[in-house]
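User: I am new to this structure and would like to go through its strands and its confidence step by step. Please explain each term when it comes up.

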Amino acid sequence: MATYSNQSDTGFITARAGGTQLLAKQITKKNTIISVCATAGDSVRFQPLAPGDPRTLHHQGVARCDVYPPIGWNFFGKAINAPLPMLKPTKITVMNYAGENKVLRYN
């Protein structure tokens with residue numbers, strides 16, 4: 001399991017079964033671990049991020065998880081509201097850079 005210097009801002013999340021962007025489980029911590037994703041297409045969603053405020057997401061579930069940007073946003077290079085499919089085990093860090101309105105870059 002991943003460890004962080006600030007454990008109080010680390011949380012576990014269960015992806016919403018059969019989720020869509022609107023119904024996806026919201027990511028509320030800076031460091032989040034998807035501990036349950038039982039079926040391909042289960043989903044989680046980022047909240048709007050302030051520029052320069054990164055979030056880290058680890059996928060530890062069983063199936064591919066759809067990770068959505070905040071409603072009306074997009075992941076760099078993808079359509080607005082389109083999900084980023086994550087396979088297990090994967091870790092991404094996302095951030096909104098100043099001057100890039102409603103765009104999440106990830107690595």
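Analyst: Two strands pair if DSSP finds at least two bridges between them, and strands are DSSP runs (E, at least two residues), numbered from the N terminus. This is a predicted model, in which local features need pLDDT of at least 70 and side-chain atom pairs count only at pLDDT 80 or more, while totals for chains, interfaces and linings use all residues. Residues are numbered from 1 along each chain as its sequence is written, and side-chain values use heavy atoms, with hydrogens and water left out.

User: Which residue in β10 does M95 stand opposite?

Analyst: Strand β10 covers residues 103-106 and runs antiparallel to β9, with 2 bridges joining them. In β10, the residue opposite M95 is R105.

User: Which residue in β9 is the bridge partner of T56?

Analyst: Strand β5, residues 55-59, pairs with β9, residues 90-95, in the antiparallel sense over 5 bridges. Within β9, the partner of T56 is T93.

User: What is the order of the strands in the open sheet of 4 strands?

Analyst: The pairing in this open sheet is mixed, and its edge strands, β2 (25-27) and β8 (84-86), each pair on one side only. One of its pairings joins β2 to β4 (residues 42-46) in the parallel sense over 3 bridges, where Q26 has R45 as its bridge partner. The order is β2-β4-β6-β8.

User: What is the mean pLDDT of the protein?

Analyst: The pLDDT is the predictor's confidence in each residue, from 0 to 100. Of the protein's residues, 93% reach 70 or more, and the mean pLDDT is 92.
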